[in-house]
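Visitor: I would like to learn how to read the features of a model such as this one. Please take them one at a time.

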Amino acid sequence: MDCRKLDVGSFFGELNLIDSGLVQVSRFMFDGIIERYGMTPKGYVNLILPGDTNQTYKWFHKDLDSKFLGKFPGSNELDMLSATRFNTIGVSIKESHLDKLIDYYKFSEAKALLAQQESVFELSLIELRMLATFVHSLLSFINTGNKAMVSPLFWYKVEYTLPYMILELIEKSYSVDANKLVAKKEYALQESIKYINRNLHHKISISELCTKYAISQKSLE
């Protein structure tokens with residue numbers, strides 16, 4: 001990975017990494033506007049999610065925020081531009097291991113979505129926050145030297161619980177074509193129409209839609 005700082009002033013960076021062979025979990029924290037290029041591990045399905053709420057970043061020239069989980073393309077390229085005080089999580093799962101879990105738990109929808117060359121999945125902030133909190137709980141053992149890291153239960157959580165949580169979220173996520181991410185207003189409009197059509201028996205207000213899709217009433221109208 002090649003990192004370049006684009007703003008002035010001091011720099012702080014921290015990397016935490018857990019690698020079981022089947023699953024790699026990493027957390028990057030930067031203080032500064034950082035441009036990153038490089039390669040993700042080959043033979044793995046590589047995912048990225050925000051490590052905190054209110055995160056915005058450019059990912060392969062696409063503007064993402066804290067609601068998105070991204071899957072890196074099969075070329076293994078890494079291309080990101082992050083803002084000050086950025087906190088991001090990377091999860092890489094060995095392809096053969098992930099296939100076994102998908103087949104065992106019958107995550108057919110997730111399998112189809114992950115088979116796409118490059119994918120972006122929209123989740124709720126609460127769902128991503130819960131996932132990030134679980135990852136932080138695993139990574140916290142690194143700095144404390146906790147003996148739990150040598151226990152079978154710890155590695156079970158890394159190799160099975162974490163991938164299961166990710167697959168479960170992808171299974172029910174809204175999949176966004178990574179090459180066709182639309183403007184915020186257009187996205188809110190499209191999703192509002194879908195929501196209304198799915199809930200024709202309910203009275204839905206403009207304010208409810210604005211809250212649900214984080215857009216102003218004027219923009220949505």
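Visitor: Which residues touch the most other members of the largest nonpolar core?

Guide: In soluble globular proteins, nonpolar side chains tend to be buried together. A nonpolar core here is a set of buried Ala, Val, Leu, Ile, Met, Phe, Trp, Tyr and Cys residues joined through side-chain atoms within 4.5 Å. Buried means under 20% relative accessible area, exposed over 50%, and partly exposed in between (1.4 Å probe, protein chains only). In this predicted model, the largest core has 33 residues, and Leu-69, Leu-114 and Ile-166 touch the most other members. At least two residues of this core come from each of strands E3 (23-31), E5 (44-50) and E10 (86-94), and from each of helices H1 (95-105), H2 (108-114), H3 (125-144) and H4 (152-171). Apart from this core lies another, of 11 residues, including Phe-60, Phe-72, Leu-78 and Phe-86.

Visitor: What does Ile-166 contact, beyond its neighbours within four places in sequence?

Guide: Contact means heavy atoms within 4.5 Å. With those neighbours left aside, Ile-166 contacts Leu-47, Leu-69, Val-91, Ile-93 and Leu-131. For the protein, take the contacts between residues at least 6 apart in sequence: 72% of them join residues at least 24 apart.

Visitor: How many helices and strands does the protein have?

Guide: Helices (H or I, at least four residues) and strands (E, at least two) are DSSP runs, numbered from the N terminus. The protein has 7 helices and 12 strands. Residues are numbered from 1 along each chain as its sequence is written; local features need pLDDT of at least 70, side-chain atom pairs count only at pLDDT 80 or more, and totals for chains, interfaces and linings use all residues. Side-chain values use heavy atoms, with hydrogens and water left out.

Visitor: Is Leu-64 buried or exposed?

Guide: Leu-64 belongs to strand E7 (residues 62-64), and its relative accessibility of 4% makes it buried. Its C-alpha atom is 9.1 Å from that of Val-120, with their positions 56 residues apart along the chain. Of the 221 residues of the protein, 43% count as buried.

Visitor: How many salt bridges does a search of the whole structure find?

Guide: A salt bridge is a side-chain nitrogen of Lys or Arg within 4 Å of a carboxyl oxygen of Asp or Glu. The search finds 3. One joins Asp-7 to Lys-5, with the closest N and O atoms 2.7 Å apart; Asp-7 is partly exposed at 25%, and Lys-5 is partly exposed at 24%. Another joins Lys-111 to Asp-103 at 3.5 Å, N to O. Lys-111 is partly exposed at 41% relative accessibility, and Asp-103 is partly exposed at 47%.

Visitor: Where do Lys-194 and Glu-191 lie in helix H5 with respect to one helical turn?

Guide: They are 3 residues apart in H5 (residues 184-198), so about one helical turn separates them. Their side chains meet in a salt bridge of 3.3 Å, N to O. Lys-194 is partly exposed at 33%, whereas Glu-191 is buried at 6%.

Visitor: Which elements have the lowest and the highest mean pLDDT?

Guide: pLDDT is the predictor's confidence in each residue, from 0 to 100. Where pLDDT is low, the predicted coordinates should not be read in detail. Strand E12 (residues 174-177) has the lowest mean, 50, and H1 the highest, 94. Over residues 177-181 pLDDT stays under 50, and the model has 9 contacts beyond four places in sequence for them. The protein averages 82, and 90% of the residues score at least 70.
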